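Colleague: I should be grateful for a close look at a single part of this chain. Please set that part in its wider context as well.

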Amino acid sequence: MKMALELAQQGRGRTSPNPMVGAVVVRAGRVVGKGFHQAAGGAHAEIHALEDAGEKAKGATLYVTLEPCNHTGRTPPCTQEIVKSGIKRVVAGMKDPNPLVTGGGLAFLKSQRLEVASGVCEDECHRLNEIFMKYSTTCLPFVILKCAATLDGRIATRTGDSKWITNPGSRQFVHELRHAVDAVMVGIGTVVKDNPRLTTRLEGRKGSDPIRIVLDTRLSIPLDARLLHLSSDSDTLIVTGMTVRRRRKKRSIENPGVRILPIDSDGDQIDLGSLVKELGKMEITSLLIEGGSRVNGSALKAGIVDKVYMFYAPRIYGGDDGVPVCAGTGVDLMEQSMRLENISVHRFEDDVMIEGYMKKSGQ
């Protein structure tokens, strides 16, 4: 199963809205077939592993990180092919989280007199597909908040300068995050100040560009912004308030790679709860927030954030006039502050990154 998990990772950034899945065929204690799900719409991991094993699959055990599908989607049911191959035993890392199909694949295999088991390396399998797990059970994207700050909590100086707080290793990890998610979101302030491209740039290999989302309530984005003139396989969404009328500017902005998405707003702020619901309808399963302090504060207060990556560089700004991690009104008492759980700490040379999950109310 550990080998299957490593194989599954090779599909990162290319399988959405499907999960990452790895599979290994073992016969008489030897690995005779391996495979992983390479892209949405393509063959599943089990099929690749069975084809790799060939005739050696007869009487063997199939280890797979996720319960094999027993329904027809973009591809036929994997369970049928498993039975045809002569596999004797199937071990799944976890059951399918979709409440409409969970357990069905294993139940079918059991009805065909195959031995079945599940729950091997289950925690690792859950974490591998935390995006798929949330989306398949809620139809809402898994939301990640990323922020880089000095040790005294500033993400930019009073002049707006933020290049660069963290080192190249930390920044390369952020590009890995962009490669892995469906969409990345910033506020209009970040676009005006930094004029970013929000594309994926990986060393030595081509990455997948996420859909770029800009929160721009009043449609004030400059017409020469880089985001509006990219050569990319993914689109740019400009999220505006419902009442914006600027027809001439809309016509200037909209083209085959750029869309305007009206969403309910309250004054200057987009209703982020409504936005993530709309993104879910668009089959956007994951969202990386790289916004400024206003977007960070709004996202946390709206309760849409699932996971946080906080980078801290060994720098001290040394004043109270820089840009904080979050803007807006905070809580009255420290006990009311939001907490992270399942914390892990990572090092990128002299930078420190804290990874954790938002503790939801009531937990």
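What follows is an account of one buried residue, and then of other local features of the chain.

Modeller: I have chosen histidine 179 for the close look; please bear in mind that the model is predicted. Histidine 179 is part of helix 7, which covers residues 168–180. Its relative accessibility is 4%, and because burial means a value under 20%, histidine 179 counts as buried. Its side chain has a polar atom 2.9 Å from the backbone nitrogen of serine 208. Serine 208 also appears among the contacts of histidine 179 once neighbours within four places in sequence are left aside. Those contacts include Arg12, Gly13 and Arg14, together with Thr200, Leu202, Arg205 and Gly207.

Glutamate 67 may be described along similar lines. Glutamate 67 is placed in a loop, between strand 3 (61–64) and helix 3 (78–85). With a relative accessible area of 3%, glutamate 67 is buried. A polar atom of the glutamate 67 side chain lies 3.1 Å from the backbone nitrogen of leucine 106. Not counting residues up to four places away in sequence, glutamate 67 touches Leu106 as well as Ala92, Met94, Lys95, Asp96, Val101 and Thr102, and also Gly103, Gly104 and Gly105. Of these, methionine 94 stands 27 residues from glutamate 67 in sequence, with 6.1 Å between their C-alpha atoms.

Burial can also be followed along a whole helix. Helix 11, residues 293–302, is mostly covered, as 7 of its 10 residues are buried. The buried residues of helix 11 include Ser293, Val295, Asn296 and Gly297, and further Ser298, Ala299 and Leu300. After helix 11 comes glycine 303, with a positive phi near 75°.

Some backbone geometry deserves a separate remark. Most residues other than glycine have a negative phi, and most peptide bonds are trans. Serine 16 and proline 17, however, are joined by a cis peptide bond with omega about 5°. Proline 17 belongs to the loop that lies between helix 1 (2–9) and strand 1 (22–27). A cis peptide bond also joins lysine 163 and tryptophan 164, where omega is about -15°. Tryptophan 164 is located in the loop between strand 7 (154–156) and helix 7, the helix that holds histidine 179.

Positive phi values occur at alanine 28, about 55°, and at glutamate 283, near 65°; neither alanine 28 nor glutamate 283 is a glycine. Alanine 28 sits in the loop between strand 1 and strand 2 (30–36), and its relative accessibility of 79% makes it exposed. Glutamate 283 is in the loop between helix 10 (272–281) and strand 14 (286–289). At a relative accessible area of 43%, glutamate 283 is partly exposed.

As for the wider context, the chain contains 11 helices and 18 strands. Its radius of gyration is 23 Å, which agrees with the value near 21 Å for a compact globule of 363 residues. The C-alpha trace spans about 70 × 45 × 45 Å along the principal axes. Of the 363 residues, 48% count as buried. Among contacts between residues at least 6 apart in sequence, 71% join residues at least 24 apart. The accessible surface comes to about 18300 Å², and carbon and sulfur atoms account for 49% of that surface.

Definitions and conventions:
Residues numbered from 1 in each chain as written. Predicted model: local features only at pLDDT ≥ 70, side-chain atom pairs only at ≥ 80, totals over all residues. Heavy atoms only, no water. Helix = DSSP H or I, 4+ residues; strand = E, 2+ residues; numbered from the N terminus. Buried < 20%, exposed > 50% of the residue type's maximum accessible area, 1.4 Å probe, protein only. Polar contact = N/O pair within 3.5 Å; in protein donor to acceptor, adjacent residues only side chain to side chain. Contact = heavy atoms within 4.5 Å. Rg over C-alpha atoms; globule rule 2.2 N^0.38 Å. Areas by Shrake-Rupley, 256 points an atom, 1.4 Å probe, with all protein chains shown as cover.
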